[in-house]
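The following note is intended for a colleague who has not yet examined this entry. Its points are numbered for ease of reference.

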Amino acid sequence: MFWAMLAIAAGFCGLAVLGVLAIRVFIEAQRLSVQVTETTQRINRAAEDLEAAATGVARAGRDVL
């Protein structure tokens, strides 16, 4: 009977550890998704700024010719 109880306790502890690790992975995945969203917004702003600057350069080049 002792070994059966020990096996059940070990199984419960194993499941508890897996549950804690799953929660940590979920939290880190959420943090990563927030960082990806922020980086995507920064890249989009930089692309818009680059496009505006390229338009200005193109106009200036056309005026020179």
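**Note on the structure**

1. Within helix α1, E28 and R31 are placed three residues apart, which corresponds to about one turn of the helix. The side chains of these two residues, E28 and R31, form a salt bridge, with a distance of 3.0 Å from N to O. Side chains of opposite charge can pair when their charged atoms come close. A search of the whole structure finds one salt bridge. The reader should bear in mind that the model is a predicted one.

2. How many helices and strands does the protein chain have? There is one helix, and the number of strands is zero. Helix α1 covers residues 2–64.

3. The overall dimensions deserve attention. The C-alpha trace of the protein chain spans about 95 × 10 × 5 Å along its principal axes. The radius of gyration of the protein chain is 28 Å, whereas a compact globule of 65 residues would have a value near 11 Å.

4. As regards burial, 0% of the 65 residues of the protein chain count as buried. The area exposed by the protein chain is about 6,100 Å², and 70% of this area is supplied by carbon and sulfur atoms.

5. Is E28 exposed or partly exposed? Its relative accessible area is 46%, and E28 is therefore partly exposed, since the exposed class requires over 50%.

6. A nonpolar patch of about 400 Å² lies on the surface and is made by L15, V17, L18 and L21. One of these residues, L18, belongs to helix α1. L18 counts as exposed because its relative accessibility is 55%.

7. D49 is likewise part of helix α1. With a relative accessible area of 56%, D49 is exposed. Where does D49 stand with respect to R31? The two residues are 18 residues apart along the chain, and a distance of 27 Å separates the C-alpha atoms of D49 and R31.

8. Finally, the charges may be considered as a whole. The protein chain carries 6 positive and 6 negative charges, and the mean positions of the two groups are 6 Å apart.

Technical notes:
Residues numbered from 1 in each chain as written. Predicted model: local features only at pLDDT ≥ 70, side-chain atom pairs only at ≥ 80, totals over all residues. Heavy atoms only, no water. Helix = DSSP H or I, 4+ residues; strand = E, 2+ residues; numbered from the N terminus. Rg over C-alpha atoms; globule rule 2.2 N^0.38 Å. Buried < 20%, exposed > 50% of the residue type's maximum accessible area, 1.4 Å probe, protein only. Areas by Shrake-Rupley, 256 points an atom, 1.4 Å probe, with all protein chains shown as cover. Lys, Arg positive; Asp, Glu negative; His and termini not counted. Charge placed at Lys NZ, Arg CZ, Asp CG, Glu CD. Patch = residues over 30% accessible without salt bridge, like charges linked within 9 Å, V, L, I, M, F, W, Y side chains within 5 Å. Salt bridge = Lys/Arg side-chain N within 4 Å of Asp/Glu carboxyl O.
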